[in-house]
Amino acid sequence: MPDVDVLVVGAGPGGAVAAWHAKQAAPELDVVLLERDRAVGSPVRCAEGVGDAGLREFVNPDGADWASRKITRVIFQAPDDTEVLVAERGVGWILDRTRFDAYLAAQAAAAGAAVLVGAEATGMSRNGNDRWHVRVKERGQDDVYRARVVIGADGVETMVGRWAGLDTRVPSRDMESCAQYVLQGIDFDPDAIYLQFSEAIAPGGYAWIFPKAVGIANVGLGLVALKTDGRNARQYLDAWVARRFPTGARTGYTVGGVIVHTTIKKTYAAGVMVAGDAAHMINPLSGGGITNAMKAGRLAGCTAAAAIREGDTSERRLSAYHKAWMDLLGDDHLKYYRIKQALEHMDDASLNSLARTVNRIPQEKRSIGRIFAHALIKHPQLIPVAARFFV
Amino acid sequence: MRRVTPDTIAVVDLAVCDRCGLCLPLCPPEAIHLELNVLTVERAACTGCEKCVGPCPVGALAMVPYA
């Protein structure tokens, strides 16, 4: 029955950064990072896009083998395929998540954390002695880890949050169902990401093309099941790919869920913090969660280290993590969520006309804010929602 | 949560399921489990609400008579 100070469940970007920063902040602590699957970073359930600035807070992507492609342009596509190029600076990267997640786990290991693969947490309970007893199944063997602090970075299907009594349920309308192919031999601008919005293509979400290399891309979509005509995400994707890339070779396939909600009301309990997708820390407008999870992981890891040093891992002490997250990004996500709700009022005809209007603005002056302003002029019913966002 | 016996409950087709876990946080009674890479629906806990069925990206969940 091993005793550890910090047990991190889930070795995605959030968990790896949590373990890395906990150990870095307090090198005397025993920090263990658990990964359910037999390899960190696999299977990939992600479109792999990440913003440049957020990434650089942690690691340097220049020349890294885990960065597949640098992105310098964003192309929005209307339902009728009208393209709107939005001027952005230093946009971002398409990662190789298999290598990226392994690289982050290696940083945690280099800092002194123990990384265990093929180790699945199957339950936990709090005993009176200020420690969580976490049951872990590893190579068919059951073990119990006694941890002062458990960090749940166990993704969309989080169990740690539930075991700790936190409400991690998602309203169906805020869960996007996603399906994605890796397509090879297709023609597109390899320096751009493409985002297509249309009720007919991806109701309640969007379809994407994220380049991995010249001629190779993650091509997928996310949709809200309540808004569909009865087909599932894979069937919607098959229809879109058949139209856009009929000759592309499908060399990979993945499905999953993206929570486009706001941060759960309580991300902590005595001796427990949850981070990343597990706590719904995803930008609800873009569905992007990688750097959100890493920032939350850093906060959780540092909070755990400080709390253990102070000898106080109570619920009250760990509430500092929740507050820090809400100040950093959680409150912004509430605003993005309102914009998302506003955009849901736009039908395909409105989106087509908006794209043509925006294309009359000089390219260098186009920004998300200006596009939104034009949407308001065309659709005054959005103003009350927009007012809440800007106020 | 008081539970009455539902007319139908959810079942998972493991040949189709991709183990993505999307359905877990959607289940109000937390009747869906993913352990050791196998998805199960806890028959005694499912309330038949169907909230897991539509969102499954591959259509692996379906409702069947409780009987």
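The legends below go with several close-up views of a predicted model.

**View 1. Chain B is built from strands.** Let's start with the overall make-up of this chain. Chain B has four strands and zero helices. If you follow the chain from the N terminus, its elements read β-β-β-β. Along its principal axes, the C-alpha trace of chain B spans about 30 × 20 × 20 Å.

**View 2. How chain B is packed.** What radius of gyration would a compact globule with 67 residues have? The value would be near 11 Å, and chain B has 11 Å, so the two agree. Of the 67 residues in chain B, 31% count as buried. Now look at contacts in chain B between residues with a separation of 6 or more: 66% of these come from residues 24 or more positions apart.

**View 3. A hairpin in chain A.** Here we move to chain A and its strands β10(A), residues 131-138, and β11(A), residues 141-152. The two strands run antiparallel and are joined by seven bridges. Within this pairing, where does Lys137(A) stand? Find Asp142(A) in β11(A), and you will see Lys137(A) opposite. Together β10(A) and β11(A) form a hairpin, with two residues between the strands. Arg139(A) lies in the turn and has a positive phi of about 50°.

**View 4. Parallel partners of β11(A).** Stay with β11(A) and look for strand β1(A), which covers residues 3-9. Six bridges join β1(A) to β11(A), and these strands run parallel. Opposite Val9(A) you will find Gly152(A), a residue of β11(A). Strand β18(A), residues 272-274, also runs parallel to β11(A), and three bridges join this pair. Which residue of β18(A) is the bridge partner of Gly152(A)? The partner is Val274(A). Gly152(A) is therefore a good residue to find in this view: Val9(A) stands opposite Gly152(A), and Val274(A) is its bridge partner in β18(A).**View 5. The two sides of helix α8(A).** This last view turns to a helix of chain A, α8(A), which covers residues 348-358. Which residues of α8(A) are buried? They are Leu351(A), Leu354(A), Ala355(A) and Val358(A). These residues sit on the same side of α8(A), because they cover an arc of only 100° around the axis. Are Ala349(A) and Arg356(A) buried or exposed? Both are exposed, and they lie on the other side of α8(A).

How values were computed: Residues are numbered from 1 along each chain as its sequence is written. Chains are lettered from A and ligands numbered from 1 in the order in which they are written. This is a predicted model: local features need pLDDT of at least 70, side-chain atom pairs count only at pLDDT 80 or more; totals for chains, interfaces and linings use all residues. The radius of gyration is taken over C-alpha atoms; the globule rule is 2.2 Å times the number of residues to the power 0.38. A residue is buried if 20 or more other C-beta atoms lie within 10 Å of its own, exposed if 12 or fewer, and partly exposed in between; C-beta atoms are placed from the backbone. Two residues are in contact if their C-beta atoms, placed from the backbone, lie within 7 Å. Two strands pair if DSSP finds at least two bridges between them. The arc is that of the directions from the helix axis to the C-beta atoms.
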